[in-house]
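Me: Hi! I'd like to talk through this model with you, starting with the charged side chains. Could you take a look?

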Amino acid sequence: MEEVSQKPKKGFFNFIEKTGNALPNPTLLFGILALFVLVLSLIGSLLGWSGTNPATGEHVETINLLSRQGVHRIILEMITNFTSFAPLGVVLVAMLGLGIAEVSGLMKTALNAMLMKTPPYLITAMVVFVAKLSNVASDIGYILIIPLAGVIFHSLGRNPIAGIAAAFAGVSGGFAANILITTNDALLAGISTEAARIIDPTYEVLPTANYYFMAVSMFFVVASCTLVTTKWIEPRLGKYTGDVPREEIVQATPLEKKGLKRAGWVFLFWFALLLIGLIPENGLLRGADGTVLGSPVFRGFIAILCLMFGTAGIVYGYTVGTFKKGDDVVKGMNDSYKTLASYMVLVFFAAQFVAWFRWSNLGMLIAVNGAEALTNANIGLIPLAIMFVFFTAFLNLFIGSASAKWALLAPIFVPIFMLLGYSPELAQVIYRVGDSPTNIITPLLPYFALIIVYCQKYDKKAGLGTIMASMIPYSIVLFIGWIIILVSWILLKLPLGPGTPMYFAM
């Protein structure tokens, strides 16, 4: 494949790209990192690296994975590490439905119809906006929106890697921001409630606790990512000159329009079923706690996605003639898995690395010791908030799960903020500001490997360096901009959400 840009690249970010791409293949890199964790666990164990988990009060020590017990665990759980790696099942299930929709021609026709109606100057903002909204539906952004953004940019004659970067920044870099309430809001609020009750046994943090701040932040994320894409990423990447054929924007034929209409009716049918199951107080699809946010629709949306796109693809395929028998549908699912071969190999090594890092307690010790150092600093609210943001952003490079980090940090920081006269909701929103911008520059993000695969579709030489060089500008802009918004919000003493105060009185 040819180089993505015809112009020689120079500068700091191009140095990062060149250096990063000089690293071993991502699959080998994860294997090397996994071995490094084993050695580090041995060193940490010998040197007595330890700490106290503030959430449980339990003494945490470095676990030597090269001990007899550690080696046995590595061998016995190697397979389950791979098969239980969270993104793997999500990708495999989603690709069944999306494969049908892709082979039937539904995705291509719908994409063309959308592009025909969207002004070119709004494409980038639209991609980021849709990427942000996708966070309400679990991991759909990583599975559908990010690769689709590459196709959209390529269709318009723009660099597809820039489209992938813009969508990745929206989905992951601006993860916390949304104009909709998501399952993540409910999850973090539950953890904050438990932490707040250390001080006030009756305190409750609601899922809407940070809504005003996050809704405003969404528009900041969309504007920032659009600006970075058009003013920095695309000029740096240059014109795409690879050999991947681009899907032209063409007017749908009468038969394709008929297929789109029927597929649309299928989606409406699914939405009607979901509403019937969610709206009544005793609805079949409501969660065990009786809430909509706790429903299997939100918690297992990838399964719903598979069914929706699969059935819509089948209806479209039979309407336009791309499907004539059941074997054609099965072939579509088979073909979708052919593109995942390299991802499956990479995931095996990535899963071992993540599991071994967790078993060794190295990640937890980084969090515990860092949190202790931060809380010992006796400073004012704004300096404390900024330090907390920096600490969370750094910690996010090692522990990707937002809920896992907050479960560890909330019992420390929420009571401290309350004793200082600040609300648990404020501590939570500060944490969320730091938790998002570094998602897009850490290889420990579970879906980071998948982003590399998306880029390699258009440039076989793309690697870790390509992603890092493309995403660092987004991370910097989001990080700085979000801190400015946070400080301004604190100075103006604005409510963080409906009925949510910034201050707390004992």
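Me: Which residue does the side chain of E77 meet in a salt bridge?
Reply: That would be R73, and the N to O distance is 3.1 Å. Do keep in mind that this is a predicted model.

Me: And how exposed or buried is E77?
Reply: E77 is partly exposed, because its relative accessibility is 27%, in between the 20% limit for buried and the 50% limit for exposed. R73 also counts as partly exposed, at 36%.

Me: OK. How many salt bridges does the count come to?
Reply: Four. Another of them joins R432 and D185, with N and O 2.9 Å apart.

Me: Where do R432 and D185 sit?
Reply: R432 is in helix α20, residues 424–435, and D185 is in helix α10, residues 183–196. The two are 247 residues apart in sequence, so this salt bridge ties together distant stretches of the chain.

Me: Is R432 buried or exposed?
Reply: R432 is buried, with a relative accessible area of 3%. Its partner D185 is buried as well, at 6%.

Me: What about D335, which residue does it pair with?
Reply: D335 forms a salt bridge with K331, and their closest N and O atoms are 2.8 Å apart. Both belong to helix α15, residues 326–338, and because they are four residues apart there, about one helical turn separates them. K331 is partly exposed, at 47% relative accessibility.

Me: Let's zoom out. How many helices and strands does the chain have?
Reply: There are 22 helices and two strands. The chain has 506 residues, and 54% of them count as buried.

Me: What share of the contacts comes from residues 24 or more positions apart?
Reply: They account for 80% of the contacts in the chain with a separation of 6 or more.

Me: And the surface, what does the accessible area come to?
Reply: About 22,500 Å², and carbon and sulfur atoms hold 68% of that.

Me: Switching to rings now. How many aromatic pairs does the structure hold?
Reply: It holds 19. One of them is F388 with F413, a stacked pair with 4.1 Å from centre to centre and 20° between the planes.

Me: Which helices does that pair link?
Reply: F388 comes from helix α18, residues 381–395, and F413 from helix α19, residues 402–419. The two rings are 25 residues apart, and the pair links distant parts of the chain.

Me: Are those two buried or exposed?
Reply: F388 is buried, with a relative accessible area of 0%. F413 is buried too, because its 1% relative accessibility is under the 20% cut-off.

Me: Which residues form one aromatic cluster with them?
Reply: F417, Y422 and Y503 join F388 and F413 in that cluster.

Me: Nice. Which residue lies over the face of F153?
Reply: R158 does, at 4.0 Å from the ring centre.

Me: Last topic, then. Which residues make the nonpolar surface patch of about 500 Å²?
Reply: V39, I43, L46, L47 and W49 make that patch. Among them, I43 is found in helix α2, residues 26–47.

Me: Why is I43 open enough to be part of a patch?
Reply: I43 has 36% relative accessibility, so it passes the cut-off of over 30% for patch residues. On the accessibility scale it counts as partly exposed.

Conventions. Residues are numbered from 1 along each chain as its sequence is written. This is a predicted model: local features need pLDDT of at least 70, side-chain atom pairs count only at pLDDT 80 or more; totals for chains, interfaces and linings use all residues. Side-chain values use heavy atoms; hydrogens and water are left out. Buried means under 20% relative accessible area, exposed over 50%, partly exposed in between (1.4 Å probe, protein chains only). Contact means heavy atoms within 4.5 Å. Accessible areas come from the Shrake-Rupley method with a 1.4 Å probe; for residues, only the protein chains shown count as cover. Rings of Phe, Tyr and Trp (its six-membered ring) pair if their centres lie within 6.5 Å; planes under 30 degrees apart count as stacked, over 60 as edge-to-face and the rest as tilted. A charge sits over a ring if NZ of Lys or CZ of Arg is within 6 Å of the ring centre and within 35 degrees of the ring normal. Patches are made of residues with over 30% relative accessible area and no salt bridge: like charges are joined within 9 Å, nonpolar side chains (Val, Leu, Ile, Met, Phe, Trp, Tyr) within 5 Å.
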